[in-house]
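Visitor: Please walk me through this chain. I will ask, and you reason your way to each answer.

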Amino acid sequence: MTSSLRTIALAGGCLLAGTIGFAVQQQDATESGRKVAEQIRGAMESPEAMARWQETLHTGPAHQFLADAFKGEWNLEMKMWMDPAGDPLVSQGTATVEPILGGRFIRERVKANLMGQPWEGEGTTGYDNNRKLFVSSFIDSMTTGIALMKGSISPDGKTLTFFGDMDEPMSGEIGKPIKMVITVDSKDQHTMRMYEVLYGDEFKVMELVYTRRGS
């Protein structure tokens, strides 16, 4: 066999071995998938598992609190700090908050003008019965990311505190820790404050005061 033929034969053998190896990996992955599916089916057929699942489906006092405190049409005063020692940028906006999906979540739609540019955002907040935590997400027209946060409520029932992270394109920071505190001041006003918590003392970067429209 010539050198060229030996090279071709060797390459063919490697390709065949790789193909067989890939097929075995695929078979192993498929078998693992079947086992997971069987476990899920087994859990769904268990009365105890079904009862645990049913417990997480229904709305409760936490969901009612979100609707009572935040549902409605709101005017916003927005302040943003680029420098903790400097004056904030101030702008005005509006927000509409409504319960969705049978009261399991509230959805907030915000419109404002930031740094001379029109800005829109949309957030969803709920209470996860399974984790026993408040959960929140937010997207807006100035980013392509999703902010995800989890939190709890104060003993007096007036303050929600969330922790999460955000990316900062201008500085290149990824997953920077942040804190969001929402205080229910009255039935016609609540305040959201956002803090950076990565470097030393926390630094307030944003404050939104919501005033019920027509109040």
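What follows is a set of questions and answers on the fold, the strands, the rings and the charges.

Visitor: How many helices and strands does the chain have?
Guide: This is a predicted model. From the N terminus on, its elements run α-α-α-β-β-β-β-β-β-β-β-β-β. The count is three helices and ten strands.

Visitor: What share of the residues counts as buried?
Guide: Buried means under 20% relative accessible area. The accessible surface of the chain comes to about 14000 Å², and 58% of that belongs to carbon and sulfur atoms. Of the 215 residues, the buried share is 29%.

Visitor: Among contacts between residues at least 6 apart in sequence, what share joins residues at least 24 apart?
Guide: Contact here means heavy atoms within 4.5 Å. Among the contacts between residues at least 6 apart, the share that joins residues at least 24 apart is 33%.

Visitor: Do β5 and β6 run parallel or antiparallel, and how many bridges join them?
Guide: Strand β5 covers residues 133–140, and β6 covers residues 147–153. They form a hairpin with six residues between them. Phe 138 stands opposite Ala 147 in β6. The strands run antiparallel, and the number of bridges is five.

Visitor: Which residue takes a positive phi in the hairpin of β6 and β7?
Guide: β6 is joined to β7 (residues 159–168) by five bridges, and the two run antiparallel. Across this pairing, Gly 151 stands opposite Phe 162 in β7. Five residues lie between the strands of the hairpin. The residue with a positive phi, near 75°, is Gly 157.

Visitor: How are the rings of Phe 65 and Phe 70 arranged?
Guide: A search of the whole structure finds five aromatic pairs. For Phe 65 and Phe 70, the ring centres are 6.0 Å apart and the planes stand at 80°. Planes over 60 degrees apart count as edge-to-face. So the pair of Phe 65 and Phe 70 is edge-to-face.

Visitor: Are Phe 65 and Phe 70 buried or exposed?
Guide: The cut-off for buried is under 20% relative accessible area. Phe 65 has 18%. Phe 70 has 7%. Both values fall under the cut-off, so Phe 65 and Phe 70 are buried.

Visitor: How many residues apart in sequence are the parts that Phe 65 and Phe 134 tie together?
Guide: The rings of Phe 65 and Phe 134 have their centres 6.5 Å apart and their planes at 75°, so this pair is edge-to-face. Both residues are buried. Phe 65 lies in helix α3 (residues 61–70), and Phe 134 lies in strand β5. The pair therefore ties together parts whose separation in sequence is 69 residues.

Visitor: Which residues form one aromatic cluster?
Guide: Phe 65 pairs with Phe 70. Phe 65 also pairs with Phe 134. The cluster is formed by Phe 65, Phe 70, Tyr 127 and Phe 134.

Visitor: Which residue lies over the face of Tyr 195?
Guide: A charge sits over a ring if NZ of Lys or CZ of Arg is within 6 Å of the ring centre and within 35 degrees of the ring normal. At Tyr 195 the distance from the ring centre is 5.2 Å. The residue over the face is Lys 179.

Visitor: Glu 31 and Arg 34 are three residues apart in helix α1; by how many helical turns are they separated?
Guide: Glu 31 forms a salt bridge with Arg 34, with the closest N and O atoms 3.0 Å apart. Glu 31 is partly exposed at 37% relative accessibility, and Arg 34 is partly exposed at 47%. Helix α1 covers residues 3–45. Because the two are three residues apart in this helix, their separation is about one helical turn.

Visitor: Which residue forms a salt bridge with Arg 107?
Guide: Arg 107 is partly exposed at 21% relative accessibility. Its partner is partly exposed at 31%. The closest N and O atoms are 3.0 Å apart, and the partner is Glu 98.

Visitor: Which residues do salt bridges that share partners join into one network with Asp 188?
Guide: Asp 188 is partly exposed at 21% relative accessibility, while Lys 187 is exposed at 63%. Their side chains meet in a salt bridge of 3.1 Å, N to O. Shared partners join Asp 188 into one network with Lys 187 and Arg 212.

Visitor: How many salt bridges does the count come to?
Guide: The rule asks for a side-chain nitrogen of Lys or Arg within 4 Å of a carboxyl oxygen of Asp or Glu. Glu 98 and Arg 107 are one such pair, at 3.0 Å. By this rule the count comes to nine.

Key. Residues numbered from 1 in each chain as written. Predicted model: local features only at pLDDT ≥ 70, side-chain atom pairs only at ≥ 80, totals over all residues. Heavy atoms only, no water. Phe/Tyr/Trp six-rings, centres within 6.5 Å; stacked < 30°, edge-to-face > 60°. Buried < 20%, exposed > 50% of the residue type's maximum accessible area, 1.4 Å probe, protein only. Helix = DSSP H or I, 4+ residues; strand = E, 2+ residues; numbered from the N terminus. Pairing = 2+ DSSP bridges. Areas by Shrake-Rupley, 256 points an atom, 1.4 Å probe, with all protein chains shown as cover.
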